[in-house]
Structures are given as C-alpha cells and as structure tokens.
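User: Hi! Could you walk me through this structure? I'd like to start with how strands get paired up.

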Amino acid sequence: MKLIDGKALAAKMQAELKVRVEKLKTFGIVPGLIVILVGENPASQIYVRNKERQATAIGMKSSVLRLPEEIEEVELLNLIETLNNDDTWHGILVQLPLPAHISEEKVLLAITPEKDVDGFHPMNMGRLWSGNPLMIPSTPAGIMEMLREYHVELSGKRAVVVGRSNIVGKPMAQLLMMADATVTIAHSRTKNLSELTRQADILVVAIGQDRFIGRNDVKEGAVVIDVGMNRDENGKLHGDVDFEQVKDIASLITPVPGGVGPMTITMLMEQTLRAAERKLK
Ligand SMILES: Nc1nc2c(c(=O)[nH]1)N[C@@H](CN(C=O)c1ccc(C(=O)N[C@@H](CCC(=O)O)C(=O)O)cc1)CN2
C-alpha cells in the first residue's frame with residue numbers, strides 16, 4: 001500500500017499558485033475570493049477560516065462575510081447580486097450547509113456562473129456534463145489532481161463512485177468518464193453494492209457513513225479514494241473507508257484526514273485564480 005498524500009500535494013500546488021498570482025498581479029489584476037458564511041456551524045467556521053488564510057498566503061485578496069443565522073433569504077440574494085457586479089471579486093462562494101429556512105437551490109442559482117468557483121451553479125454542472133467545463137467542484141477536481149500526480153491510469157479502467165451528490169458523486173463520475181474510465185455510480189439504495197465495489201480498479205467513496213467500506217468490498221490492488229469525514233464520539237475523524245482494513249489491499253489509498261480534504265481548498269484557489277486569469281483574455 002502507498003499513501004496518497006493530499007496535504008503534500010496541496011502544499012506543492014499552493015507554491016505553484018503563488019507564482020501564477022504574482023504573474024497576474026504584474027498585469028494589474030489581484031485575484032479576489034469572497035466567502036459568505038451564514039450562521040455559526042463550527043465546522044464551517046473552520047473551513048471558511050482556512051479558505052481565507054490560504055487565499056491570503058498565496059497572495060490573493062480574500063474576505064469572509066459572516067452573516068447571522070436568521071438572515072432573510074432575500075437579503076442574502078440581494079447581497080450576492082451586489083457581489084456579482086463587484087469587479088474586486090473573481091470568485092464568490094456560499095459555505096454549505098445553509099440554515100433550513102434558506103433555499104440552497106435559489107442561493108446557488110444567484111451566483112453568476114463566471115464567479116461560481118464552487119462549480120455548483122446548474123449552468124456549470126451542465127457545462128461539465130456537456131464535456132466543456134467552466135468551473136469544476138473542488139473536491140472531485142482535487143481527486144483528479146491526486147490521480148494525475150500518482151500516475152493512476154484511468155483510460156479503460158473500471159471506476160466505481162459510491163455517492164451521488166451534486167457536490168462530489170456526480171461531478172466525480174463525469175470527470176472520470178472524461179478521462180476514459182468506465183464509470184458506475186452507486187449509492188445507499190444500490191443492491192449488492194459490494195459486488196460492484198469489488199470490481200473497481202478505482203473506487204471513490206463519498207457516501208457519508210463512517211467506515212462503510214471494508215476489507216471485503218475492495219479488489220486487491222485497487223486505488224481507493226475516501227471523501228468521507230465522520231467524527232466518532234471521541235471526536236476522532238474517520239473516513240467512509242475502514243482504513244485499517246483496506247490499507248493492505250489497496251495499491252494506493254487516501255488517508256482521512258490529510259487526503260482529499262486539503263486538496264478541496266487548494267483547488268478552490270485554483271478555480272478562483274483561473275476566473276481572474278480569464279480577465280486577461
Ligand atoms: N461551498 C462549499 N461548501 C462546502 C464544501 C465546498 O466545497 N463548498 N465542502 C465541504 C466543506 N469543505 C469546504 O468547504 C471542506 C471540508 C474539509 C476539508 C479538510 O481539509 N478536511 C481535513 C480534516 C479537517 C478536520 O479535522 O475537521 C482533512 O480531510 O484532512 C476541507 C474543506 C462542505 N461544505
């Protein structure tokens with residue numbers, strides 16, 4: 001077994017992004033990312049702080065708008081509209097999850113697709129599925145970078161994605177398909193799931209269930225990517241894959257923490273930089 005070190009790859013990419021940011025600044029463009037956080041979800045607060053820190057560390061302009069939990073949906077939509085028209089910001093993102101009284105669908109639709117660095121706007125999702133992406137959701141984009149970095153051959157390989165969310169499962173499947181893998185999407189209602197996962201050369205698990213995939217669900221030599229982040233009663237973080245059971249079966253495996261997570265934020269920086277670089281064209 002070899003570990004896929006997401007933390008190390010993210011650090012390497014950040015150094016490369018910093019160079020690109022400096023270059024863009026010589027053309028008078030300072031890439032800007034604005035993050036909107038509604039409420040006080042403790043995990044979201046950490047992710048948002050990390051996004052701001054990372055953006056600043058690579059030389060980008062960054063700000064976080066912290067809004068009260070009880071903000072009205074219309075107020076949030078108006079704010080997004082103002083940011084859509086503000087040239088300071090090349091990337092706008094709304095941290096998820098949102099409070100229950102706010103429609104996630106309406107909010108994501110309000111962000112102009114050119115600034116939607118999360119790639120969650122239906123137009124960006126559609127463009128990805130049409131094979132002509134503008135913005136790609138950060139988690140699957142980061143996974144593709146990891147597979148590239150570790151020279152994982154995808155063409156003609158059997159990939160199984162467990163999870164069908166708009167944020168990870170669906171875009172992941174499409175990116176793997178664009179790389180000529182033969183892709184199956186499985187989910188919580190899939191019958192005989194293990195039969196499917198055992199056929200996977202590349203297994204991506206994003207089902208949100210603690211250590212859901214074990215020894216008997218993985219083919220010998222498979223590449224296993226774990227998107228899960230589940231905290232146990234002691235606060236210890238576990239993936240959707242039982243790392244201890246699977247580590248000696250897989251040829252490559254991502255740890256949790258230190259695998260997919262760090263790449264998610266770095267790919268967000270990359271998308272923001274790309275959005276700013278488009279201003280040159
Ligand atoms: N607007 C968005 N909201 C959310 C997204 C997203 O991509 N866009 N994804 C997640 C949260 N998320 C980024 O926002 C995120 C989650 C986790 C990590 C990470 O680095 N995890 C670490 C472990 C952290 C810990 O100890 O808790 C790791 O895996 O090593 C980065 C980003 C939902 N919301």
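Analyst: Happy to. Two strands count as paired if DSSP finds at least two bridges between them. Keep in mind that this is a predicted model.

User: Good to know. In what order do the strands of the open sheet run, and is the pairing parallel or antiparallel?

Analyst: The order is β1-β11-β8-β7-β5-β6, six strands in an open sheet, and the pairing is parallel. At the edges are β1 (2-3) and β6 (182-186), each of which pairs on one side only.

User: How many bridges link β5 and β6?

Analyst: Five bridges, in the parallel sense, with β5 covering residues 158-162. One residue to look at is Val162, whose bridge partner in β6 is Ala186.

User: Which helix packs on the sheet there?

Analyst: That's α7, residues 169-178. The helix touches β5, β6 and β7 (202-205), and its direction makes about 170 degrees with that of β6.

User: Is α7 mostly covered or mostly open?

Analyst: Mostly covered: seven of its 10 residues are buried. Those are Gly169, Pro171, Met172, Ala173, Gln174, Leu175 and Leu176.

User: What do the buried residues of α7 pack against?

Analyst: They pack against the strands β5, β6 and β7, and also against the helices α5 (122-129) and α6. If you look at backbone angles, Asp180, just after α7, takes a positive phi of about 70 degrees.

User: Let's go to β8. Which of its residues sit on each side?

Analyst: Strand β8 spans residues 223-226, with Val223 and Ile225 on one side and Val224 and Asp226 on the other. These residues are all buried, so both faces of the strand are covered, taking buried as 20 or more other C-beta atoms within 10 Å.

User: Why do the residues split between two sides like that?

Analyst: In a regular strand the side chains alternate between the two faces of the sheet.

User: Makes sense. How many bridges does β8 make with β7, and how many with β11?

Analyst: With β7 there are four, in the parallel sense. With β11 (residues 252-253) there are two, again parallel. Val224 takes part in both directions: Leu203 has Val224 as its bridge partner, and Val224 stands opposite Ile253 in β11.

User: Now the part I care about for docking. How many residues surround the ligand, and which are the closest?

Analyst: There are 17 around the ligand, and the closest are Tyr47, Leu96, Pro257, Gly261 and Thr264. The elements that give two or more residues to this shell are β4 (91-94), α6 (138-149) and α10 (260-277). Of these, α10 gives the most, with four residues.

User: What's the mix of nonpolar, polar and charged residues in the shell?

Analyst: The shell has 10 nonpolar residues, six polar ones and one charged.

User: Where does the ligand lie relative to the domains?

Analyst: Between them. Domain 1 (28-112) and domain 2 (138-261) both give residues to the shell, so the ligand lies between the two. The C-alpha centres of these domains are 29 Å apart.

User: Switching to single residues: where is Val35, and what does it touch?

Analyst: Val35 is in strand β2, residues 32-38. It counts as buried because it has 24 C-beta neighbours inside 10 Å. Not counting residues up to four places away in sequence, Val35 touches Val48, Lys51, Glu52, Val64, Leu93 and Gln95.

User: And Leu128, buried or exposed?

Analyst: Buried, because 21 other C-beta atoms lie within 10 Å of Leu128. This residue belongs to helix α5. Leaving aside neighbours within four places in sequence, Leu128 is in contact with Pro133, Ile136, Pro171 and Gln174. Pro171 and Gln174 are among the buried residues of α7.

User: Last one: what about Leu154, where is it and which residues does it touch?

Analyst: Leu154 is in the loop between α6 and β5. With 21 C-beta neighbours inside 10 Å, Leu154 counts as buried. Not counting residues up to four places away in sequence, it touches Leu147, Leu176, Ala179, Asp180, Ala181 and Ile202. You've met Asp180 already, as the residue with the positive phi just after α7.

User: Great, thanks for the tour!

Methods
Residues numbered from 1 in each chain as written. Predicted model: local features only at pLDDT ≥ 70, side-chain atom pairs only at ≥ 80, totals over all residues. Near = placed C-beta within 6 Å. Nonpolar A, V, L, I, M, F, W, Y, C, P; charged D, E, K, R; others polar. Domains from an automatic or database assignment. Contact = placed C-beta atoms within 7 Å. Axes fitted to C-alpha atoms, helices over the stretch in contact; angles between N-to-C directions. Buried ≥ 20, exposed ≤ 12 C-beta atoms within 10 Å, placed from the backbone.
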